Amino acid sequence: MAVTSAAVRIATAGAHRHWLLRPIGSNVNQCSIALRSSTAYRHGVQRQRSYLTSHCQTLQLGLPTSGMFDSVVAVLLHRHRPLGHVRRWRHPPVYRPLVDLSTMEERHLILTYRLDRATILELCAQLEPDLMSPIRHPTGIPPQVQVLSVLHFLASGSFQTTVAIASGMSQPMFSNVLSRVLSALLKHMQSYIVFPEVEDLATVKGDFYALGHIPNIIGAIDGTHVALVPPHRSEQVYRNRKNYHSMNVQMVCLADQYICHVNAMFPGSVHDAYILRNSSIPYVMGQLQRHCVWLIGDSGYPNRSWLLTPVRNPRTRAEERYNDAHG
């Protein structure tokens with residue numbers, strides 16, 4: 001018998017299902033039945049066989065053949081969406097901050113985050129475009145809360161779990177926030193950690209002269225050890241002379257403690273002098289030598305034409321006064 005296209009909507013057990021029959025021939029054996037059902041995967045193929053049989057009888061198509069069942073199974077494996085299916089939009093999670101920056105005292109802010117209120121607000125405004133979540137993948141955590149939680153983690157040296165609980169988030173979520181904030185900070189690092197421009201050298205030299213009465217100084221260089229948990233395969237490389245694991249970070253600061261250079265590429269066992277030789281400082285100071293400027297450093301560094309270190313064995317009053325001013 002000839003078969004025409006028909007759509008049968010059946011209500012069973014309180015759930016509506018859509019069936020779509022698309023004939024491609026003139027008889028039952030040549031028909032291809034495309035089945036779309038919102039409960040097809042829960043009921044399984046066996047239950048769909050009974051549905052198919054009853055609907056074929058309703059449409060007076062006779063009993064379904066094995067070819068029809070194969071078509072049904074193929075459609076089920078293809079995972080068609082049900083007709084009239086409306087995808088539900090998942091609402092973004094609502095985060096309720098546990099820390100209110102406006103209610104914290106200035107002393108408590110510096111103790112917790114090592115920065116004052118104005119600097120924190122400026123940092124949040126600078127990083128906000130990089131920390132805003134995409135619309136399709138919202139995290140629900142405001143950029144200010146992300147920055148504060150990471151600053152707390154960096155200032156305290158605590159565990160991620162402890163800081164996450166204090167910030168009102170899970171440890172995996174904080175780990176993601178930490179990665180995002182650090183990437184944003186590195187993105188803007190070159191705008192802040194820079195050597196003084198030539199036109200600013202006179203001001204920088206004046207600030208250093210006011211501290212120790214040594215002329216033409218534009219920076220103080222030293223290394224600091226930042227403790228860490230070392231990799232198992234190279235544990236000894238990170239053990240410093242004080243017998244704990246660290247990174248030996250070289251920094252140059254101005255008279256107002258403004259950091260203008262950072263090199264954090266070497267483990268704790270590496271000497272300060274080696275880090276200096278393999279950093280960009282020799283090249284930068286070589287370019288500035290025509291301006292008659294110097295750095296000052298401790299006795300761990302060698303004497304250079306652009307680097308002043310203390311006199312090891314002072315013999316004159318002038319050398320003693322130099323060491324006192326240097327220290």
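The following legends describe an overview and several close-up views of a predicted model.

**Figure 1. Overview of the predicted chain.** The chain is built from 11 helices and 8 strands. Of its 327 residues, 33% count as buried. The accessible surface amounts to about 20,700 Å², and carbon and sulfur atoms account for 55% of that area. Among contacts between residues at least 6 apart in sequence, 50% join residues at least 24 apart.

**Figure 2. Confidence along the chain, expressed as pLDDT.** The mean pLDDT of the chain is 78, and 69% of the residues reach 70 or more. Among the elements, strand S5 (residues 246-253) has the highest mean pLDDT, 96, whereas strand S1 (residues 6-12) has the lowest, 33. Over residues 1-43 the pLDDT is below 50, although this stretch has 89 contacts in the model beyond near neighbours in sequence. Residues 75-85 likewise stay under 50, and the model has 17 contacts for them beyond four places in sequence. Where pLDDT is low, the predicted coordinates should not be read in detail.

**Figure 3. The hairpin of strands S5 and S6.** Strand S5 pairs with strand S6 (residues 259-267) in the antiparallel sense, over 6 bridges. Within this pairing, valine 252 stands opposite histidine 261 of S6. The hairpin has 5 residues between its strands, and glutamine 257 takes a positive phi near 70 degrees.

**Figure 4. Surroundings of tyrosine 258 in the loop between S5 and S6.** With a relative accessibility of 35%, tyrosine 258 counts as partly exposed. Leaving aside residues up to four places away in sequence, tyrosine 258 touches Tyr192, Val194, Val252 and Cys253. Tyrosine 192 is 66 residues away along the chain, and the C-alpha atoms of the two tyrosines are separated by 9.5 Å. A polar atom of the side chain of tyrosine 258 lies 2.3 Å from the backbone oxygen of tyrosine 192.

**Figure 5. The aromatic pair of phenylalanine 153 and phenylalanine 174.** The structure holds 2 aromatic pairs. In this one, the ring centres are 5.6 Å apart and the planes stand at 65 degrees, so the pair is edge-to-face. Because phenylalanine 153 lies in helix H5 (residues 143-156) and phenylalanine 174 in helix H7 (residues 171-188), the pair ties together parts that are 21 residues apart in sequence. Both phenylalanine 153 and phenylalanine 174 are buried.

**Figure 6. The aromatic pair of phenylalanine 266 and tyrosine 274.** This pair is edge-to-face, with 5.8 Å from centre to centre and 90 degrees between the planes. Phenylalanine 266 has a relative accessibility of 13% and therefore counts as buried. Tyrosine 274, at 38% relative accessibility, counts as partly exposed.

**Figure 7. Serine 167 in helix H6.** Helix H6 spans residues 160-167 and includes serine 167. The relative accessibility of serine 167 is 7%, so this residue counts as buried. The side chain of serine 167 reaches the backbone oxygen of valine 163 at 2.9 Å.

Key: Residues numbered from 1 in each chain as written. Predicted model: local features only at pLDDT ≥ 70, side-chain atom pairs only at ≥ 80, totals over all residues. Heavy atoms only, no water. Helix = DSSP H or I, 4+ residues; strand = E, 2+ residues; numbered from the N terminus. Buried < 20%, exposed > 50% of the residue type's maximum accessible area, 1.4 Å probe, protein only. Contact = heavy atoms within 4.5 Å. Areas by Shrake-Rupley, 256 points an atom, 1.4 Å probe, with all protein chains shown as cover. Polar contact = N/O pair within 3.5 Å; in protein donor to acceptor, adjacent residues only side chain to side chain. pLDDT = per-residue confidence, 0-100. Pairing = 2+ DSSP bridges. Phe/Tyr/Trp six-rings, centres within 6.5 Å; stacked < 30°, edge-to-face > 60°.
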